[in-house]
Amino acid sequence: MAEEQKKLFKVTIDNITIEVEPGTSILNAARKIGGDIVPPAMCYYTRLKGSGGKCRTCLVEVAAGSTADPRPMPKLVASCRTNVMDGMVVKNITSDKVIDARNGIVEFLLINHPLDCPICDQAGECHLQDLSYEHGLEGTRYEFPRRIFEKHDLGPYIQLHMTRCILCFRCVYVADQLTEKREHGILDRGDHSEIATYIKKSLDHDFIGNVIDVCPVGALTDRTFRFKNRVWFTKPVDAHRECNNPKCCGKVTLWYRGEEVFRVTARKDQWGEVDDWICNECRFEKKLTSDWVIEGPTMVNRHSVIAQGHYVGVEKPQEVLYDVLDGRKPRLFMDIHKISEVNEPGRDLSKIEGPAHSTDFVEHKNK
Amino acid sequence: MQSLTNRAKQVERKPMTLWEKMYLLSITKGMSITFGHIFKKKPTINYPEKERPFSPVFRGLHVLNRDEEGRERCTACGLCALACPAEAITMEAAERLPGEENLYKEEKYAARYEINMLRCIFCGFCEDACPKDAIYLSETFAPSNYSREKFIYGKNELLIPDPKTDPEAYAKAKGNK
């Protein structure tokens with residue numbers, strides 16, 4: 001019996017064979033291989049029990065069910081909810097059927113999505129943006145008015161843009177599994193379904209901020225970071241602190257712009273899933289460098305837009321002016337802060353609660 | 001020394017004759033060219049009075065555009081700043097308050113928008129990057145100035161006049177774009 005449990009299942013995904021433990025899903029087996037053959041996942045989240053099976057972006061073709069029964073599965077299956085069998089042959093990017101189906105799914109996901117990426121704070125780290133960049137059509141074939149919802153403020157920290165939601169249910173699972181009492185869920189059905197708190201109730205649980213991290217689109221965003229900056233202009237840095245909350249790991253990524261911490265998020269792995277949950281105090285209230293122990297820059301995939309302007313291994317040319325001028329400083333022709341209205345030293349956007357408004361910008365003295 | 005090409009000519013160093021020393025022929029030759037140009041068409045124009053037409057692809061001073069109702073199009077998405085190879089563009093975004101819908105087209109807008117004209121190389125990448133048709137390079141030059149400070153262009157300098165209150169200035173600033 002014990003020997004049977006140790007037996008590994010041999011599964012072939014896109015002609016790459018790997019041995020995995022029984023009970024592994026096709027998606028996780030593909031993630032073990034890594035690279036291009038990993039199906040995209042919008043709703044599956046490793047750390048959330050019961051997630052997956054809703055968005056259908058991870059559909060794959062099973063060309064042979066198992067060694068015992070090598071018949072192909074009649075339909076495409078959701079790889080996040082289908083476990084591997086011994087001798088299973090899976091086709092992902094090598095199957096035209098899968099690519100075709102995925103294009104269709106993306107078109108469906110984008111039917112009601114407003115595509116307001118220039119405004120959305122998630123742009124640059126949005127999974128739907130990546131997905132539609134790869135699979136989306138240039139135009140839309142949808143001719144009807146799009147579903148539009150009112151903006152909600154879910155408490156002082158979280159902004160809900162229901163119009164952008166793709167109903168992946170991840171945030172509902174977070175509320176269900178991390179906080180003791182769930183206060184938000186999905187109301188109504190079909191086209192009308194929306195994430196909502198009953199009577200717009202504020203969610204005040206220590207870990208509810210994690211819904212921001214799990215949201216694959218810009219439906220749930222950080223109000224304290226709202227419109228402050230674009231993610232690709234900020235610099236991610238790994239940091240940790242001693243958190244009093246026993247359930248909080250205290251390991252985060254700080255998103256710097258200059259000396260200011262604009263945003264705190266949990267650390268994410270290469271699949272965009274958090275390593276561990278962090279509490280609201282770490283996420284929303286500790287925005288000073290002195291609150292944290294900096295570990296070093298976060299590794300960012302160099303194909304990500306966040307990696308723009310982050311130069312690795314740069315050797316700065318030696319400053320020779322000081323030597324030439326006998327230690328005198330070179331004359332500064334223009335101090336940019338004297339004339340520039342952007343990034344004024346006296347105004348710290350990161351210290352404004354919520355998004356900045358016209359009232360936060362007073363007219364410049366020199367103009 | 002071996003010559004690189006076979007077009008080299010040996011310079012003649014004969015002493016000049018008396019007729020050549022008088023330079024009469026050379027002067028007449030030179031003057032005929034000079035006077036000949038008086039009757040040719042002038043390639044120059046009197047600039048401030050007369051202006052040359054710009055090429056339709058000319059890339060001049062930046063303009064921040066408004067829509068037909070006079071609302072600012074820019075949403076401070078940062079793509080122009082991202083595309084800018086000279087890192088000349090900076091901005092700060094703000095959220096539109098209720099009651100400001102007639103000023104800004106989208107819920108987010110650029111509260112501060114600056115182009116450092118000393119850095120700008122007028123490549124037009126910002127115009128290409130803009131998803132909102134908010135910035136374009138017009139058919140005007142960046143005017144010269146005596147101080148560096150005057151080359152930091154803020155929204156005051158960049159924003160196009162309102163088409164509703166000042167349609168003439170708007171049309172003039174918009175040009176043929």
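## Helix packing and selected residues in a predicted two-chain model

In chain A, helix H3 (residues 96–109) and helix H4 (residues 127–135) have axes that come within 10 Å and cross at roughly 130 degrees. That angle makes H3(A) oblique to H4(A). The crossing of the two helices is left-handed. On the H3(A) side, the contact is made by Arg102(A), Asn103(A), Val106(A) and Leu109(A). H4(A) brings Leu128(A), Leu131(A), Ser132(A) and His135(A) to the contact. Sorted by class, the residues of this contact are 4 nonpolar, 3 polar and 1 charged. Please keep in mind that this is a predicted model.

In helices more generally, there is a simple rule of spacing. An α-helix has 3.6 residues a turn, so residues three or four places apart point the same way.

Which residues of H4(A) are buried? They are His127(A), Leu128(A), Gln129(A) and Leu131(A). H3 of chain A is included in what covers them. Leu128(A) and Leu131(A) also belong to the contact with H3(A).

### Chain A as a whole

Stepping back from the helix pair, chain A has 9 helices and 14 strands. Its C-alpha atoms fill a box of roughly 80 × 55 × 50 Å along the principal axes. Of the 367 residues in chain A, 36% are buried. Contacts within the chain can also be sorted by how far apart the partners lie in sequence. Taking contacts between residues at least 6 apart in sequence, 62% join residues at least 24 apart.

### Where the two chains meet

How many residues of chain A are in contact with chain B? There are 23, and they meet 25 residues of chain B. The side of chain A that touches chain B has 13 nonpolar, 5 polar and 5 charged residues.

Phe361(A) gives a specific example of contact between the chains. Phe361(A) sits in the segment after H9 of chain A and touches Ala94(B), Ala111(B) and Arg112(B), leaving aside residues up to four places away in sequence. With 15 other C-beta atoms within 10 Å, Phe361(A) is partly exposed. The C-alpha atom of Phe361(A) is separated by 34 Å from that of Asp130(A), and the two residues are 231 residues apart along the chain.

Chain B also offers a helix whose length can be checked. Helix H2 (residues 24–38) of chain B has 15 residues, which at 1.5 Å a residue should span 21 Å. The end C-alpha atoms of this helix are 22 Å apart, which agrees with the expected span. Is H2(B) largely in the open or largely buried? The number of buried residues among its 15 is 0, so H2(B) lies largely in the open.

### Residues in the loops of chain A

Pro216(A) lies in the loop between helix H6 (210–214) and strand E10 (220–222) of chain A. Why does Pro216(A) count as buried? The reason is its 27 other C-beta atoms within 10 Å, because 20 or more are enough for a residue to be buried. Pro216(A) touches Met42(A), His127(A), Leu128(A) and Cys168(A), not counting residues up to four places away in sequence. Two of these partners lead back to H4(A), since His127(A) and Leu128(A) are among its buried residues. The C-alpha atoms of Pro216(A) and Val312(A) are separated by 28 Å, with the residues 96 residues apart along the chain.

Leu115(A) is found in the loop between H3 and H4 of chain A. Its phi is positive, at about 55 degrees, although Leu115(A) is not a glycine. Asp326(A), in the loop between helix H8 (321–324) and helix H9 (336–339) of chain A, has a positive phi near 55 degrees and is likewise a residue other than glycine.

Past H4, Tyr142(A) lies in the loop between H4 and strand E6 (152–154) of chain A. The C-alpha atom of Tyr142(A) is separated by 28 Å from that of Gly185(A), with their positions 43 residues apart along the chain.

The table sets out the surroundings of these loop residues.

| Residue | Other C-beta atoms within 10 Å | Class |
|---|---|---|
| Pro216(A) | 27 C-beta atoms | buried |
| Leu115(A) | 15 C-beta atoms | partly exposed |
| Tyr142(A) | 12 C-beta atoms | exposed |
| Asp326(A) | 6 C-beta atoms | exposed |

Methods. Residues are numbered from 1 along each chain as its sequence is written. Chains are lettered from A and ligands numbered from 1 in the order in which they are written. This is a predicted model: local features need pLDDT of at least 70, side-chain atom pairs count only at pLDDT 80 or more; totals for chains, interfaces and linings use all residues. Axes are lines fitted to C-alpha atoms, for helices over the stretch in contact, and angles run from 0 to 180 degrees between N-to-C directions. Helices (H or I, at least four residues) and strands (E, at least two) are DSSP runs, numbered from the N terminus. Angles under 35 degrees count as roughly parallel, over 145 as roughly antiparallel, 65 to 115 as roughly perpendicular and the rest as oblique. A crossing is left-handed if the near helix is turned anticlockwise from the far one by less than a right angle, and right-handed if clockwise. Two residues are in contact if their C-beta atoms, placed from the backbone, lie within 7 Å. Ala, Val, Leu, Ile, Met, Phe, Trp, Tyr, Cys and Pro count as nonpolar, Asp, Glu, Lys and Arg as charged, and the others, Gly among them, as polar. The expected span of a helix is 1.5 Å times one less than its number of residues.
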